Amino acid sequence: MKNLNFRASWLPVVSMILAIIGIWYIAALLMNGNQLINQLERKKQQWTYSQVISQAYQVKRPMLPAPHQVALELKKSVFDTAISSKRSLVHHSLITLNSTMLGFLLGSVVGIVIAIGIVHNKTLEASLMPWIIASQTIPILAIAPIIVVVLGALNITGVLPKAVISMYLSFFPVTIGMVKGLRASDTLHVELMHTYNASALQTFWKLRWYSAQPYLFASLKVAIAAALVGAIVAELPTGAQGGLGSRLLSGSYYGQTQQIWAALIMAALLGSLLVWIVNLAETVLLKRRGGLSNA
């Protein structure tokens with residue numbers, strides 16, 4: 001019975017993956033085939049559809065690399081290349097991970113502190129919340145070079161400028177989630193704390209912080225994914241010599257689409273791993289405190 005349930009749960013996932021791969025191969029055939037036809041016609045060479053179909057997946061610089069081409073690029077850059085090499089995707093992933101984690105930690109702290117201030121001070125909420133929301137309407141590609149230039153003028157280089165950009169993207173979901181969580185305490189429980197003559201600090205630690213934890217972890221999952229995006233975007237305009245963003249940029253310069261797609265898939269896998277780690281931390285913490293919450 002368990003095997004049947006397991007198969008039933010995984011069957012839609014496997015089916016979707018196979019459908020995506022099938023559509024990917026068809027799209028690669030159409031795009032690369034058209035590219036190949038244009039090349040042959042420019043050289044005034046004769047071509048047939050069977051020739052195009054047989055060579056569409058062998059183009060050196062395809063418009064859309066086929067899944068097996070991306071898989072071979074991943075194998076070469078992850079398993080067949082030393083981690084210390086600048087051609088290793090693991091090497092670039094670790095560089096991006098450093099910026100991501102630092103930006104995520106900074107963004108989480110800033111978001112929590114702002115949320116606490118907003119919940120406990122209505123004036124701060126009225127004056128600060130509109131600016132927090134407005135800050136997220138600014139395109140990160142526009143503000144990233146400005147941040148890098150300003151910090152560079154202050155002799156702040158390296159990981160920190162990229163971490164600041166990650167923090168800029170990650171603090172917002174933490175702030176919104178924590179505000180919602182800190183206000184999610186049951187009214188009767190709040191009144192009971194008042195009955196006990198509890199101070200605001202005691203109410204925060206013994207009630208509000210406890211009720212906010214499920215909301216906090218939900219926002220942290222969004223924040224860590226946003227921090228990864230921020231770190232990758234920060235590596236694009238800065239001319240960084242390492243990182244997944246640098247890998248994407250160099251691939252676009254030299255028309256290495258396999259390299260671009262391999263870096264994109266590596267970024268997706270890294271993001272999934274980081275979200276899974278946050279989810280694991282949530283499960284462990286909420287179980288230790290007495291059971292998972294439905295919030």
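**Exercise 1. The H4–H9 contact**

Work out which residues of H4 meet which residues of H9 in this predicted model, and describe how the two helices cross.

*Solution.*
Step 1: list the H4 side. Ile95, Thr96, Ser99, Thr100, Met101, Phe104, Ser108, Ile112, Ile116 and His120 do the touching here.

Step 2: list the H9 side. Their partners are Phe204, Arg208, Trp209, Leu216, Leu220, Ala223, Ile224, Ala227, Leu228, Ala231, Ile232 and Glu235.

Step 3: sort these residues by class. The H4–H9 contact comes out at 15 nonpolar, five polar and two charged.

Step 4: get the geometry. Two packed helices are described by the angle between their axes and the distance between the axes. For H4 (residues 89–120) and H9 (residues 200–235), the axes come within 8 Å and cross at roughly 140 degrees. Angles over 145 would count as roughly antiparallel, so H4 is oblique to H9.

Step 5: add the hand. The crossing of H4 past H9 is right-handed.

**Exercise 2. H4 against H11**

Describe the contact of H4 with H11 by angle, hand and residues.

*Solution.*
Step 1: take the axes. Those of H4 and H11 (residues 257–288) come within 11 Å, crossing at roughly 45 degrees. That angle makes H4 oblique to H11.

Step 2: check the hand. H4 passes H11 in a right-handed crossing.

Step 3: pair up the residues. From H4 come Leu89, Val90, Ser93, Leu97, Thr100 and Met101, and they meet Ala262, Ala263, Met266, Leu270 and Leu274 of H11.

Step 4: sort by class. You get nine nonpolar, two polar and no charged residues in the contact of H4 with H11.

**Exercise 3. H8 and H9**

Decide whether H8 is oblique or roughly antiparallel to H9, then look at the contact.

*Solution.*
Step 1: read off the angle. The axes of H8 and H9 come within 11 Å and cross at roughly 150 degrees.

Step 2: apply the cut-off. Anything over 145 counts as roughly antiparallel, so that is how H8 sits relative to H9.

Step 3: give the hand. H8 passes H9 in a right-handed crossing.

Step 4: name the residues. His189, Val190 and Met193 of H8 meet Gln202, Thr203, Lys206, Leu207 and Arg208 of H9. By class, that is three nonpolar, three polar and two charged residues.

**Exercise 4. The largest nonpolar core**

Find which residues touch the most other members of the largest nonpolar core, and which elements supply it.

*Solution.*
Step 1: pick out the best-connected members. The core has 42 residues, and Leu89, Val174, Met178, Leu182, Leu220 and Leu244 touch the most other members.

Step 2: trace the elements. Two or more residues each come from H1 (2–42), H3 (67–79), H4, H5 (122–135), H7 (159–182), H9, H10 (244–253) and H11.

Step 3: find the top contributor. H9 gives the largest share, 10 residues.

Step 4: zoom in on leucine 89. Setting aside neighbours within four places in sequence, leucine 89 is in contact with Leu74, Ser77, Val78, Leu244, Arg247, Ala262, Ala263 and Met266.

Step 5: look beyond this core. Apart from it there's another one, of 11 residues, including Ile140, Ile143, Leu151 and Ala226.

**Exercise 5. Two lysines**

Say whether lysine 162 and lysine 44 are buried or exposed, and where each is found.

*Solution.*
Step 1: start with lysine 162. This H7 residue has 9% relative accessibility, so it counts as buried. Not counting residues up to four places away in sequence, lysine 162 touches Ile95, Ser99, Ala234, Glu235 and Gly242.

Step 2: turn to lysine 44. It sits in the loop between H1 and H2 (49–55), and its relative accessible area of 77% makes it exposed. Its phi is near 55 degrees, a positive value in a residue other than glycine.

**Exercise 6. Two more loop residues**

Place asparagine 197 and glutamine 256, and class their exposure.

*Solution.*
Step 1: asparagine 197 is in the loop between H8 (187–195) and H9. At 67% relative accessibility it's exposed, and its phi, near 60 degrees, is positive in a non-glycine residue.

Step 2: glutamine 256 is in the loop between H10 and H11. Its 27% relative accessibility means it is partly exposed.

Step 3: check the contacts of glutamine 256. Leaving out residues up to four places away in sequence, it touches Arg61 and Gly251.

How values were computed
Residues numbered from 1 in each chain as written. Predicted model: local features only at pLDDT ≥ 70, side-chain atom pairs only at ≥ 80, totals over all residues. Heavy atoms only, no water. Axes fitted to C-alpha atoms, helices over the stretch in contact; angles between N-to-C directions. Helix = DSSP H or I, 4+ residues; strand = E, 2+ residues; numbered from the N terminus. Parallel < 35°, antiparallel > 145°, perpendicular 65-115°, else oblique. Left-handed = near helix turned anticlockwise from the far one by under 90°. Contact = heavy atoms within 4.5 Å. Nonpolar A, V, L, I, M, F, W, Y, C, P; charged D, E, K, R; others polar. Core = buried A, V, L, I, M, F, W, Y, C linked by side-chain atoms within 4.5 Å. Buried < 20%, exposed > 50% of the residue type's maximum accessible area, 1.4 Å probe, protein only.
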